[in-house]
Amino acid sequence: MVLAFVIAFVQQATFLACLIGAPFFTKEASGNAYNLMLAVAFFSTFLSIPAFIWNIAMIKGRGTKRDIASAIVAGVTFLFGVGYLIFAFVVRVHAVGGRIF
């Protein structure tokens, strides 16, 4: 349960801090923020999978509301991470002149 909330907190705190605090007007700062957000997206996506599996196992065992909430948080964290990775891929492909859509 704690792992799901920690991963979600790190993911959202990093994304919000980079969006609010990073100077996006220079290319170097944008590249650094992009790389940091990409690393956190990988981190949160891959670590939310075992957290989700663990919380599903706990739901089958006891099924408390806390375990259900943790499973939902882990699932949403996974979806946000995958969503950001897809979005970052599409943006990067468009930035180099490629076309997906």
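This briefing covers the nonpolar cores, a surface patch and one residue after helix 3. The model is predicted, so local features need pLDDT of at least 70, side-chain atom pairs count only at pLDDT 80 or more, and totals for chains, interfaces and linings use all residues. Residues are numbered from 1 along each chain as its sequence is written, and side-chain values use heavy atoms, leaving out hydrogens and water.

**Nonpolar cores**
- The largest nonpolar core has eight residues: Phe-15, Tyr-34, Met-37, Val-40, Ala-41, Tyr-84, Leu-85 and Ala-88.
- At least two residues of this core come from each of helix 2 and helix 3 (65-95), and helix 2 gives the most, with four.
- Another core, of five residues, lies apart from it and includes Ala-4, Ala-8, Ala-51 and Ala-74.
- A core here is a set of buried Ala, Val, Leu, Ile, Met, Phe, Trp, Tyr and Cys residues joined through side-chain atoms within 4.5 Å; buried means under 20% relative accessible area, exposed over 50%, and partly exposed in between (1.4 Å probe, protein chains only).
- Val-40 touches Val-10, Gln-11, Thr-14 and Phe-15 (heavy atoms within 4.5 Å), not counting residues up to four places away in sequence.

**Surface patch**
- Phe-42, Phe-46, Ile-49, Phe-52, Ile-53 and Ile-56 make a nonpolar surface patch of about 540 Å².
- Phe-42 lies in helix 2 (residues 27-61) and counts as partly exposed because its relative accessibility is 39%.

**After helix 3**
- Ile-100 is in the segment after helix 3, with a C-alpha to C-alpha distance of 7.0 Å to Val-90, 10 residues away in sequence.

Note on methods
Patch = residues over 30% accessible without salt bridge, like charges linked within 9 Å, V, L, I, M, F, W, Y side chains within 5 Å. Areas by Shrake-Rupley, 256 points an atom, 1.4 Å probe, with all protein chains shown as cover. Salt bridge = Lys/Arg side-chain N within 4 Å of Asp/Glu carboxyl O.
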